[in-house]
Amino acid sequence: MNWAIIAVVITILCILLFFRRFEKAEVSAKEIALIATMTTFAGISRIPFAVFPSFQPTTFLVMITGYVFGAQTGFMVGAMSALVSNFFLGHGPWTLWQMLGWGICGVLAGFLAKQVQGFSRKRFAVLSALCGYLFGWIQNIWHWLAFVYPLNMKTFWATYLVSFPFDTLHVFSNIVFTMIFGEIFYAVLKRFQRKFSVEYLECTE
Amino acid sequence: MGIKTKERHRQSEEEKMRHRLQPATVLLYLTVVVFLSLFFTHPFYLLALFLAVAIVIFSFDLIREWSSYLKIGLCFLVVIMFVNVFLVREGATVLFLSPAIPGLGRIRITFEALCYGAGMGLRLLVIISAFCLFMYVVHPDGIIRLLGGRSYKIALALGLSLRLFPLMRADFLRIMQVQQCRGVNFHGQGWRERTVKTIPVIKVLLLSSLERAFQLAESLQARGYGLGKRTSFMRNRWRIGDKLIVVAICLVLCLSMWLVMRGQTEFHYYPRLQSVGSGDFFGAVFLGIFLMIPAFLNWGWKKWPTLRSRI
């Protein structure tokens, strides 16, 4: 059985499922504009950090968006920031896995927001650390399935061990960005969330 | 759209065949090459895929762009070789056996593991090269157009996002200049000082970007976004070049299915390398030739004006 192809197909289906859900949902113009803006913000933030492997603020930006605007917006911003930023940094087999990885980070942050009142820097930092490793592990799955033989626990751990320093650097960067920008970004995004949620009522006379 | 991307696509004013290809055709080519490379383990077939994509890249004058992709590929190649050669203990032909290392045991490097690592490295290069071709042949607007028919919300968000890239960059530079005019010095201090001074810039950038998003949304609403059913018009001209490439891809798929059913595309690296026959060689050659069709069309395009008007 070709596990690499199965993994690719499952990943594509997962992403398409989320995209379809988004397409079917009632999405306002404000949400679209917000997703586009945060996607650009997350995507553009990768470029100055492209020289430092794994040290970038994208995961934090995706997570804070998911935390404030919900899991669906978090997934869309995560998946699209990988897609858009790779138009500048270069598309490759990694694009698909980055889309899934960042998308999941956005979803998890959205779930965390439901458990917590306001912004909990500690909890967000812990989740961002976990997401740092999770993101790396998602990238590794395909690498292990497509390029390593035999597929057993030994080679699985070996593959993960090779990426461990990079994943740890990613975790470190997530914590640093959460500590520096966490509260500022939460306050700004929350303010815009309130501003975006204004409803126009029909006037009947 | 990003400045680099724009420049990349404007590099040559003269029209090239690759700019005429439909994004769907190139996406199909990429998908087939990637999936076939994952199906095949035989080095002959992987080599055929690699050479075919390389020749198409060469004929499309994308060697410089490809070389930067290959550099990234080489980093991954090192990881693949490392894991397969040093950590996998399969294979019968032992090349090197180290003394016992605490925690790792004896490192056993085999010829088969080395060949497997090289084979998988080749697979990676095929995939990376196919993505490089896709990246430089298909304009980002082409992808948005491709999505536009059915997934218009995603296409809209993607299109807006691509166009916000240069605006956000310009905003960042403008805010930095304003801060410098106010006496903030971003250069010549320690990283801690610089970080502290950059935080307000990032905050203002986020605020102004979100403010723009708000205006953008108002503008979309003013233009009737979300009111009733959306109409769309798409005019995709499928030229003969596209059709020929699609036919070639179909032939590749048929040939591949036949080869897979015969078990020719599989190669056993362990415990010893299997022997290869002339049938494997000819199968790989035919497969490669079919995948080189875009390159042949491009050469025809360059050489014969009659063909150019038809493709």
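A residue is taken as buried when its relative accessible area is under 20%. By this cut-off A:F124, at 0% relative accessibility, is buried. The model described here is predicted, and the values reported below are computed from it.

A:F124 belongs to one of the aromatic pairs of the structure. A search over all chains returns 40 aromatic pairs. In one of them, the ring centres of A:F55 and A:F172 are 6.2 Å apart and the ring planes stand at 45 degrees, so the pair is classed as tilted. This pair links distant parts of the chain. A:F55 sits in the loop between α2 and α3 of chain A, whereas A:F172 sits in helix α7 (residues 153–196) of chain A, and the separation is 117 residues. The two partners also fall into separate accessibility classes: A:F55 is buried at 18% relative accessibility, and A:F172 is partly exposed with a relative accessible area of 48%. The rings of A:F60 and A:F124 likewise have centres 6.2 Å apart, but with planes at 85 degrees, so this pair is edge-to-face. It too links distant parts of the chain, with A:F60 in helix α3 of chain A and A:F124 in helix α6 (residues 121–147) of chain A, 64 residues apart. A:F60 has a relative accessible area of 2% and is buried, as is A:F124 at 0%.

Helix α3 of chain A, which carries A:F60, also packs against helix α2. Two packed helices are described by the angle between their axes and the distance between the axes. For α2 (residues 29–44) and α3 (residues 58–69) of chain A, the axes come within 9 Å and cross at roughly 155 degrees. Because angles over 145 degrees count as roughly antiparallel, α2(A) is roughly antiparallel to α3(A). The crossing of these two helices is right-handed. On the α2(A) side the contact is formed by A:L34, A:M38, A:F41 and A:A42, which meet A:T58, A:L61, A:V62, A:T65 and A:F69 of α3(A). The residues of this contact comprise 7 nonpolar and 2 polar residues, with no charged residue.

A:F41, one of the α2(A) residues in that contact, also touches chain B. B:I202 is placed in helix α9 (residues 191–222) of chain B and is buried, with a relative accessible area of 18%. Apart from neighbours within four places in sequence, B:I202 is in contact with A:F41, A:F181, A:F185 and B:F172. The C-alpha atoms of B:I202 and B:F286 are 55 Å apart in space, and the two residues are 84 residues apart in sequence. B:D171 is found in helix α8 (residues 152–181) of chain B. With a relative accessible area of 6%, B:D171 is buried. When residues up to four places away in sequence are not counted, B:D171 touches B:L205, B:S208 and B:R212.

A:T65, a member of the α3(A) side of the helix contact, is also touched by A:G70. A:G70 lies in the loop between α3 and α4 (71–89) of chain A and is partly exposed, with a relative accessible area of 22%. Leaving aside neighbours within four places in sequence, A:G70 is in contact with A:T65 and A:G110. A:G70 and A:R194 are 124 residues apart in sequence, with a C-alpha to C-alpha distance of 14 Å.

The backbone was examined for unusual torsions. Most residues other than glycine have a negative phi, and most peptide bonds are trans. A:S54, which is not a glycine, has a positive phi of about 75 degrees. A:S54 is in the loop between α2 and α3 of chain A, the loop that also holds A:F55, and is partly exposed at 24% relative accessibility. In chain B, B:D61 has a positive phi of about 60 degrees although it is not a glycine. B:D61 is in the loop between α4 (43–59) and α5 (63–87) of chain B and counts as partly exposed at 42% relative accessibility. Cis peptide bonds are present in each chain. One joins A:Y149 and A:P150, with omega about -5 degrees, and A:P150 is in the loop between α6 and α7 of chain A. Another runs from B:Y270 to B:P271, with omega near -5 degrees; B:P271 is in the loop between α10 (240–261) and α11 (278–291) of chain B.

Note on methods. Residues are numbered from 1 along each chain as its sequence is written. Chains are lettered from A and ligands numbered from 1 in the order in which they are written. This is a predicted model: local features need pLDDT of at least 70, side-chain atom pairs count only at pLDDT 80 or more; totals for chains, interfaces and linings use all residues. Side-chain values use heavy atoms; hydrogens and water are left out. Axes are lines fitted to C-alpha atoms, for helices over the stretch in contact, and angles run from 0 to 180 degrees between N-to-C directions. Helices (H or I, at least four residues) and strands (E, at least two) are DSSP runs, numbered from the N terminus. Angles under 35 degrees count as roughly parallel, over 145 as roughly antiparallel, 65 to 115 as roughly perpendicular and the rest as oblique. A crossing is left-handed if the near helix is turned anticlockwise from the far one by less than a right angle, and right-handed if clockwise. Contact means heavy atoms within 4.5 Å. Ala, Val, Leu, Ile, Met, Phe, Trp, Tyr, Cys and Pro count as nonpolar, Asp, Glu, Lys and Arg as charged, and the others, Gly among them, as polar. Rings of Phe, Tyr and Trp (its six-membered ring) pair if their centres lie within 6.5 Å; planes under 30 degrees apart count as stacked, over 60 as edge-to-face and the rest as tilted. Buried means under 20% relative accessible area, exposed over 50%, partly exposed in between (1.4 Å probe, protein chains only).
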